[in-house]
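Visitor: I would like a short tour of this model. Please keep the answers brisk.

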Amino acid sequence: QQAFSDANPEVALGRILSYVGRTFSCGRVYIFEIDGDSVNNTYEWCAPGIHPEKDNLQNVPPDVCANWYSNFEDGKAIMIPDLEETKETDPLQYENLKRQGIHSIVIVPLYDKGKVIGFCGVDNPPPKFLEYSHDMLQITAAFLISCLKRRKLLNKLLELSYKDALTKLGNRFALTDFVNQLDPTQSVAVVYCDVTGLKQVNDTQ
């Protein structure tokens, strides 16, 4: 229950992935988010002894996941019990997954208002958990989407609280936060310039 209800969406996402991975004895559990014409691995949980792949899976070209997207548009998930069966039908994705040591995989799309915004998946679940992990991911997807939307909202609120609405530059809260992160043992120089006379307008009018 704690995994699904943490107030911090980043922490909640990490706990959900960890819970799924440990429950189904998977190698990796992850979230990919679509960004324009590419897709990025934004969250990842790895079992002990499994090498992380997140850094290697940034800006993945759309053609690699083209067959998956086609299924997602039809509301279908991806379940591959044996990766070798896709060698001829989906060669680009086959090579991508083979490089990662994946032999079986379950992928569930993430939708927001009917639009695919990404997907979550598990690598190498034991055969006995393949169907069950698919069903669990389908249910978990709703919680993941909720966390992703909450993260987006919090980031937007943080941006609004730290930036001047007119200039989009950092405001005094951003300055205070920056100053608090400075190394107090180092010297700092500040140059203040009023190039438009705006200070006088603010002070007098």
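Visitor: What share of the residues of the chain count as buried?
Guide: This is a predicted model. Buried here means under 20% relative accessible area. Of the 205 residues of the chain, the share that meets this is 36%.

Visitor: What radius of gyration does the chain have?
Guide: The C-alpha atoms fill a box of roughly 75 × 35 × 30 Å along the principal axes. A compact globule of 205 residues would come out near 17 Å. The chain, however, has a radius of gyration of 23 Å.

Visitor: Which pattern does the chain follow along the sequence?
Guide: The chain holds seven helices and five strands. Read along the sequence, their order is α-α-β-β-α-β-α-β-β-α-α-α.

Visitor: Which residues have the most contacts inside the largest nonpolar core?
Guide: That core has 26 residues. At least two residues each are supplied by α2 (9-23), β1 (28-35), β2 (38-46), β4 (105-112), β5 (115-123) and α5. The residues with the most contacts inside the core are Ile31, Leu110 and Leu144.

Visitor: Which element gives the largest share of this core?
Guide: Several helices and strands contribute, among them α2 and β1. The largest share is eight residues. Those eight come from α5.

Visitor: Which residues does Ile31 contact, leaving aside neighbours within four places in sequence?
Guide: Ile31 is among the residues with the most contacts inside the largest core. Its partners include Leu13, Leu17, Asn40, Asn41, Thr42 and Tyr43. The others are Leu110, Phe119, Cys120, Leu144 and Leu148.

Visitor: How many residues are in the second, separate core?
Guide: Leu57, Val60, Phe72 and Ile102 are included in this second core. Its count is 20 residues.

Visitor: Is Cys147 buried or exposed?
Guide: Cys147 lies in helix α5. Beyond residues up to four places away, Cys147 touches Pro9, Ala12, Leu13 and Ile16. Its relative accessibility is 2%, so Cys147 counts as buried.

Visitor: What distance separates the C-alpha atoms of Cys147 and Ala7?
Guide: Cys147 and Ala7 are 140 residues apart along the chain. In space, their C-alpha atoms are separated by 9.3 Å.

Visitor: What share of contacts between residues at least 6 apart in sequence join residues at least 24 apart?
Guide: Contact here means heavy atoms within 4.5 Å. Among the contacts in the chain between residues at least 6 apart, the share joining residues at least 24 apart is 53%.

Visitor: Why does Ser38 count as buried?
Guide: Ser38 lies in strand β2. Not counting residues up to four places away, Ser38 touches Glu33, Asn59 and Val60. Ser38 counts as buried because its relative accessibility is 15%.

Visitor: How far apart in space are Lys128 and Val60?
Guide: Lys128 is found in the loop between β5 and α5. At 69% relative accessibility, Lys128 counts as exposed. Lys128 and Val60 are 68 residues apart in sequence. C-alpha to C-alpha, the distance is 30 Å.

Visitor: Which residues make the nonpolar surface patch of about 380 Å²?
Guide: One of them is Leu160, in helix α5 (residues 130-162). Leu160 counts as exposed because its relative accessibility is 54%. The patch is made by Leu153, Leu154, Leu157 and Leu160.

Visitor: What share of the accessible surface belongs to carbon and sulfur atoms?
Guide: The accessible surface of the chain comes to about 13,100 Å². The share that belongs to carbon and sulfur atoms is 55%.

Conventions. Residues numbered from 1 in each chain as written. Predicted model: local features only at pLDDT ≥ 70, side-chain atom pairs only at ≥ 80, totals over all residues. Heavy atoms only, no water. Patch = residues over 30% accessible without salt bridge, like charges linked within 9 Å, V, L, I, M, F, W, Y side chains within 5 Å. Areas by Shrake-Rupley, 256 points an atom, 1.4 Å probe, with all protein chains shown as cover. Salt bridge = Lys/Arg side-chain N within 4 Å of Asp/Glu carboxyl O. Helix = DSSP H or I, 4+ residues; strand = E, 2+ residues; numbered from the N terminus. Buried < 20%, exposed > 50% of the residue type's maximum accessible area, 1.4 Å probe, protein only. Core = buried A, V, L, I, M, F, W, Y, C linked by side-chain atoms within 4.5 Å. Rg over C-alpha atoms; globule rule 2.2 N^0.38 Å.
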